[in-house]
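Visitor: Could you take me through one part of this model in detail, choosing a place where two helices meet and then moving on to the open space in the protein?

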Amino acid sequence: MMLKEKQKTAFITGATSGIGEATAYLLAEQGYGLVLCGRRQDALERMESVLSSKTNITTLCFDVADQKAVNTAIFSLPEKFQAIDVLINNAGNAHGLDPIQNGNVTDWEMMLDINVKGLLYVSQPIIQGMLARKNGGHIINIGSTAGKEVYPNGNVYCASKHAVDALNQGMRMDLFQHGIKVGAIHPGLVATNFSAVRFKGDETKAAKVYQGYQPLQAKDIAEIIAFVISRPYHVNIADLVVMPTDQASSTLVNKK
Ligand code: 8X3
């Protein structure tokens, strides 16, 4: 009789849209147990009802920027979801695209609170659990090309993603002795609701970002995440920049 491999559990933040949602669907197909996190209870429930026929799944509704809510949610996990093997720090947003002198302070705070502090709030209790179980673990930080180079008007968003890049390196340095893998994936232009959020619901402006060339799709990044987390134990993909073929840098896009 073949021994069945123990099901791995993946914890995904920002799971109700874009890269997080595509990753949830793909990992469900691949048999991972899932903890899906997001701010919209209705969207989480919808995903749970669709995916529960495929795998073990639970959802947590909280805002990563609210540290108390993060802890309460993580500590409320049912026992069978407590041993998290893979943490996918995907929640992140851009708010505004303005020169620094006109930047909106609320936008700045949201980006730093969600993209930087939120990532820390979620990671720490999960890392502590991984350490206590002494059984490794894998953290995937979703950065951005904006974490590798700065572009005009991107100021604070780019700073927040540079912070993700730094935290990815710092986490790896602190955790590798414990057999915990840490790696980042830095996507360029991916056609999601990212730009609609950045432009505060201006769908016309948002759509223009992805017109005239072939942008990445959320599924493209989900497939890469699935590849990264399925490498053998001794292989850690530490840092990966992924762009559409039509993109060469944050500002160079081959638009027709
Ligand atoms: C998303 C990519 O180019 O809009 O992080 O900053 S970009």
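Guide: In this predicted model, helices H1 and H8 are oblique to each other, because their axes cross at roughly 55°, an angle that falls outside the ranges counted as roughly parallel, roughly perpendicular or roughly antiparallel. The two axes come within 8 Å, and the crossing is right-handed. On the H1 side the contact is made by Gly 18, Ile 19, Ala 22, Thr 23, Leu 26 and Leu 27, while H8, which spans residues 218-229, contributes Ala 218, Lys 219, Ile 221, Ala 222, Glu 223, Ile 225, Ala 226 and Ile 229. Sorted by class, this contact has 10 nonpolar, two polar and two charged residues.

H1 (18-29) also takes part in the lining of the largest pocket, where H1, strand E2 (33-38), and helices H5 (155-175), H6 (194-198) and H7 (203-209) each supply at least two residues. H6 gives the most, with four residues. The space in this pocket comes to about 1,100 Å³, and of the 49 residues that line it, the closest to its centre are Gly 92, Asn 93, Tyr 157, Thr 192 and Phe 194. By class, that lining has 22 nonpolar, 20 polar and seven charged residues.

The second largest pocket holds about 450 Å³ of space, and of its 20 lining residues, Lys 8, Asp 85, Asn 135, Gly 136 and Gly 137 are the closest to its centre. Helix H4 (105-133) and strand E5 (137-142) each supply at least two residues of this second lining, which has seven nonpolar, six polar and seven charged residues.

Terms used:
Residues are numbered from 1 along each chain as its sequence is written. This is a predicted model: local features need pLDDT of at least 70, side-chain atom pairs count only at pLDDT 80 or more; totals for chains, interfaces and linings use all residues. Side-chain values use heavy atoms; hydrogens and water are left out. On a 1 Å grid over the protein atoms alone, a cavity is a set of points where a 1.4 Å probe fits but cannot get out, and a pocket is an open set with protein on both sides within 12 Å along at least five of seven lines; lining residues have an atom within 4 Å of a point. Grid points are joined across faces, edges and corners, and a volume is the space filled by probe spheres set on the points. Ala, Val, Leu, Ile, Met, Phe, Trp, Tyr, Cys and Pro count as nonpolar, Asp, Glu, Lys and Arg as charged, and the others, Gly among them, as polar. Axes are lines fitted to C-alpha atoms, for helices over the stretch in contact, and angles run from 0 to 180 degrees between N-to-C directions. Angles under 35 degrees count as roughly parallel, over 145 as roughly antiparallel, 65 to 115 as roughly perpendicular and the rest as oblique. A crossing is left-handed if the near helix is turned anticlockwise from the far one by less than a right angle, and right-handed if clockwise. Contact means heavy atoms within 4.5 Å.
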